[in-house]
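User: Please take a close look at one sheet in this structure and at what surrounds it. A plain, connected account is enough.

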Amino acid sequence: MKFLREVQHPAKGDKDIVELGMVEKVESEGNKVIVTLAFSKHRDPLAEYLIGSTKSVLIKHIPGVEPEIRTVIRDEAPKKHAGLDLGTEELENVRHIIGVASGKGGVGKSTVAVNLAVALARLGYKVGLADADVYGPSVPKMTGTEEAIPEAFRDGDKDVIMPIEKYGVKWMSIGYFAKPEQALIWRGPMACNALKQMILQVRWGELDFLLIDMPPGTGDIHISLVHDIPLSGAVIVSTPQAVALADVEKGVNMFRNDSIRKPIFGLVENMAWFTPEELPDNRYYIFGKDGGAEMAKKYGIPLLGQIPLVQGIRESGDDGEPAALSSRPDGTAFVQLAERLAEAVSETK
Ligand SMILES: Nc1ncnc2c1ncn2[C@@H]1O[C@H](COP(=O)(O)OP(=O)(O)OP(=O)(O)O)[C@@H](O)[C@H]1O
Ligand SMILES: [Mg+2]
C-alpha cells in the first residue's frame with residue numbers, strides 16, 4: 001500500500017490511487033502480487049495508464065515481483081432513474097390507483113378504461129389514465145391524441161414527464177414515445193421498465209383516480225406492476241361468453257393471490273347485449289345472457305355495470321372521441337358505471 005501511494009491519478013489533482021479509494025485489494029502469492037483496482041466508469045480513459053504505473057511501481061520496489069493488475073467497475077452512486085428503482089413520489093397526491101384488468105385480450109378493457117376515465121371526469125373527479133399496455137398501446141388513438149408529444153424535463157435528480165390533457169383527463173401512454181411496432185419487439189425487462197416509467201415518472205399532480213389500463217393476460221408485467229405500484233385495487237372487464245369467463249378467473253386470482261391481496265372493486269360486463277342503432281330499445285344477447293352476473297356471484301364481487309355492444313362505442317373509439325362524452329344511452333351507461341365505481345371504492349377500506 002505504501003508503494004501504491006506513488007501512483008497518482010493525473011485527472012484527479014494528482015491524488016494517489018490509495019487516497020482515491022481505488023485500491024480494492026492487494027494479494028500476494030510467492031512472487032506474485034495481485035492488485036485489484038476499482039474504476040468508476042467503464043471506460044476511464046486513464047485506466048491503461050494507471051495499470052501501467054501500478055505495475056512499474058511494484059517492479060521498482062519489489063525485486064523479482066510478478067505484478068498482476070485486475071480491475072473492477074464500481075459506480076459511486078447508482079443513479080435513481082437508471083434502473084427499476086423508481087420511487088412513488090409522483091403518486092403521493094393520487095387517492096386511488098385502480099387497475100383495469102381482464103384475463104383475456106380483446107374484451108374491451110381499453111374501451112372501458114378510457115370511457116370510465118372520461119365519465120369520472122364528467123362527474124367532477126380529477127382523473128388520470130396510464131396505458132400500461134406497452135405492447136399494444138391504444139389510448140392515443142382512442143382519445144385522438146396520437147400527435148401529442150408529452151413535455152419531459154429534469155427536476156433535481158429526476159426525469160419527469162407531463163401527461164397529455166384532453167376531455168378533462170390526464171393521459172399517459174408509451175404510444176406517445178414509440179411506434180407500436182417498436183414497442184412490440186421489447187423483451188420482458190424493458191417492457192416492465194417502460195411501463196413503470198409511464199406511471200412513476202409522470203407528474204400526475206393531484207388526482208382522485210388514476211386508472212391503469214393493464215395489458216391483456218396475467219404474465220410478468222402484471223406481477224411486476226402489482227408489486228411495484230401501490231394499487232388500491234382493480235376492476236375486471238369481461239364479456240359474457242363462457243370462454244372469456246374461464247380466463248377472467250385468472251385475472252381475479254392475480255389480485256387475490258396471497259402475496260398481492262388487492263380488493264376487486266367489481267366486474268364490468270362488456271358487450272353484455274347488442275343493440276342496433278335503428279332499434280335502440282332492442283337487446284340481443286348474442287354472447288349469452290347474465291354471464292357477468294353469474295360470474296360476479298361466483299367470485300363474490302359486485303357487478304358494477306353492463307355495457308352494451310353498440311356501433312357507436314366502436315366508432316367513437318376509432319374517432320378518438322370516447323362514447324362517454326355523449327348523451328346517448330351508451331354514454332350514460334359509462335357515467336353510471338363511473339358512479340358505481342366511485343361508490344365501491346369509497347366503501348372499500
Ligand atoms: N361495448 C362495445 N361496443 C362496440 N365495440 C366495442 C365495445 N367494446 C369494445 N369494442 C371494440 O372492440 C375492439 C377491442 O376493444 P379494446 O381495444 O378496448 O379491447 P382490449 O380488451 O383493450 O384489447 P387488448 O386485449 O388488445 O388490449 C375495439 O375496436 C373497440 O372499439
Ligand atoms: Mg387494450
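Analyst: **A close look at one sheet**

Strand β6 (residues 94–101) and strand β12 (residues 207–213) run parallel and are joined by 6 bridges. The model is predicted: local features need pLDDT of at least 70, side-chain atom pairs count only at pLDDT 80 or more, and totals for chains, interfaces and linings use all residues. Residues are numbered from 1 along each chain as its sequence is written, while chains are lettered from A and ligands numbered from 1 in the order in which they are written.

Strands here are DSSP runs of E with at least two residues, and helices are runs of H or I with at least four, both numbered from the N terminus. Two strands count as paired if DSSP finds at least two bridges between them. Within the pair β6 and β12, Ile98 stands opposite Leu211 in β12.

The pair belongs to an open sheet of 8 strands, with mixed pairing, in the order β10-β11-β7-β12-β6-β13-β14-β15. At the edges are β10 (164–166) and β15, each of which pairs on one side only. On average, neighbouring strands of this sheet are turned by 25° against each other, direction ignored. For angles, axes are lines fitted to C-alpha atoms (for helices over the stretch in contact), and angles run from 0 to 180 degrees between N-to-C directions. As background, strands of a sheet pair through backbone hydrogen bonds, either parallel or antiparallel.

β6 also pairs with β13, in the parallel sense over 4 bridges. Ala101 is the residue that stands opposite Ile236 in β13. β13 (residues 233–238) is mostly covered, with 5 of its 6 residues buried. A residue is called buried if 20 or more other C-beta atoms lie within 10 Å of its own, exposed if 12 or fewer do, and partly exposed in between; the C-beta atoms are placed from the backbone. β13 pairs in turn with β14, again in the parallel sense, over 5 bridges. Here Ala234 stands opposite Ile264 in β14.

Strand β14 covers residues 264–274 and includes Met271. Met271 has a positive phi of about 60° although it is not a glycine. With 23 other C-beta atoms within 10 Å, Met271 is buried.

The loop between β14 and α8 (291–299) holds Asp290. Asp290 is another non-glycine residue with a positive phi, in this case about 65°. Asp290 is partly exposed, having 15 other C-beta atoms within 10 Å. Phe287 is found in the loop between β14 and α8 as well. Phe287 counts as buried, with 20 C-beta neighbours inside 10 Å. The C-alpha atoms of Phe287 and Met198 are 89 residues apart along the chain and separated by 35 Å.

Ligand 1 ties some of these elements together. Its shell draws at least two residues from each of α2, β14, β15 (303–309) and α9 (311–319). A residue is placed in such a shell if its C-beta atom, placed from the backbone, lies within 6 Å of the molecule. There are 20 residues around ligand 1, and Gly105, Gly108, Lys109, Ser110 and Thr111 come nearest. The shell divides into 7 nonpolar, 10 polar and 3 charged residues. In that count Ala, Val, Leu, Ile, Met, Phe, Trp, Tyr, Cys and Pro are nonpolar, Asp, Glu, Lys and Arg are charged, and the others, Gly among them, are polar.

Helix α2 (residues 109–122) has 14 residues, which at 1.5 Å a residue should span 20 Å; its end C-alpha atoms are 20 Å apart, which agrees. The expected span is 1.5 Å times one less than the number of residues in the helix. α2 is largely enclosed by the rest of the structure, because 13 of its 14 residues are buried. Just after α2, Gly124 takes a positive phi of about 105°.

For the wider setting, the domain assignment of the protein chain gives domain 1 (3–76) and domain 2 (85–347). Such bounds come from an automatic or database assignment. The centres of domain 1 and domain 2, taken over C-alpha atoms, are separated by 56 Å. Another open sheet has 3 strands in the order β3-β4-β5, with mixed pairing. β3 (23–29) and β5 (66–73) stand at its edges with a single partner strand each, so one side of each has no neighbour in the sheet. β3 runs antiparallel to strand β4 (residues 32–39), joined to it by 6 bridges.
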